[in-house]
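Visitor: I should like to discuss the charged side-chain pairs of a protein model. Please show me the sequence and the structure.

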Amino acid sequence: MDITKRQPAILFLDRNSFDFFVSGAANALRFQFSENVIASLEIANMEALENQVKLFVEQNSIPPCNITMVLSPNVVFEKDFEETVPLEQKEEEMEKFWDSIPFDDINSKSIKVSNSDRVIVVNNNLCAGVKTAFDKIGFSIQMIVPYEALGADLWNITYLDPQNSREILKRVDSFKQYSFELLEEEKTIKNPQTSKDLLPPKKSQKARLYIMAGVFIFLIVVLAILLIKR
């Protein structure tokens, strides 16, 4: 089927489940993650996730759709930075915020909220994994956006129902500015204060450096003890 002729759909990703609504459907569908597949926002078994998503689609006879994935407040990490904060202080605070995220592979997005720049971080492993599971069965996740994209009147939703799903589908064309760029090797935040691209730290590399430094110090201590004993 021509991808442009597919029905649009909404996937509302929560911490332990996702809701799925296809344009024209009577109701939204709920998919519950099992603990051996996803735990603490990490994919524990990618193959099992792919199999379960495929089974979910087959059991509900869902045809391939063009999906917009919306991230609930429960799967993102957020921090607001006032516009009046000096650039150097803001960059320092952003570094601390990124370092506080308990994942190695993170993706960030910056949006305007009132008089602040809100930085939103997501575990890339989780979002990319769900996207891959749907890609493999012929679906297309075209955008992944935080809940803020929905509009303030829908920020507090905790699940999809026919009414809010239809309203979200009406607004999809306005979501592009909020979409995460999950497929790029480097993900950047556009800092509105200076138009400077801020690159999130590659936490996995930093972790390896800390481990190597720890091992080096340990070996020095052992060598010193051996020399003293001699």
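The following exchange concerns salt bridges.

Guide: This is a predicted model, in which local features need pLDDT of at least 70, side-chain atom pairs count only at pLDDT 80 or more, and totals for chains, interfaces and linings use all residues. Residues are numbered from 1 along each chain as its sequence is written, and side-chain values use heavy atoms, with hydrogens and water left out.

Visitor: How many salt bridges does a search of the whole structure find?

Guide: A salt bridge is a side-chain nitrogen of Lys or Arg within 4 Å of a carboxyl oxygen of Asp or Glu. Searching the whole structure gives a total of 12.

Visitor: Which residue forms a salt bridge with R118, and is R118 buried or exposed?

Guide: Buried means under 20% relative accessible area, exposed over 50%, and partly exposed in between (1.4 Å probe, protein chains only). R118 has 12% relative accessibility and therefore counts as buried. The closest N and O atoms of its salt bridge are 2.7 Å apart, and the partner is D80.

Visitor: Why are K96 and E92 separated by about one helical turn?

Guide: Helices (H or I, at least four residues) and strands (E, at least two) are DSSP runs, numbered from the N terminus. K96 and E92 meet in a salt bridge of 3.7 Å, N to O. They are about one helical turn apart because their spacing in helix α2 (residues 87-100) is 4 residues.

Visitor: Which residue forms a salt bridge with K136?

Guide: K136 is exposed at 58% relative accessibility, whereas its partner is buried at 17%. With the closest N and O atoms 3.2 Å apart, that partner is E50.
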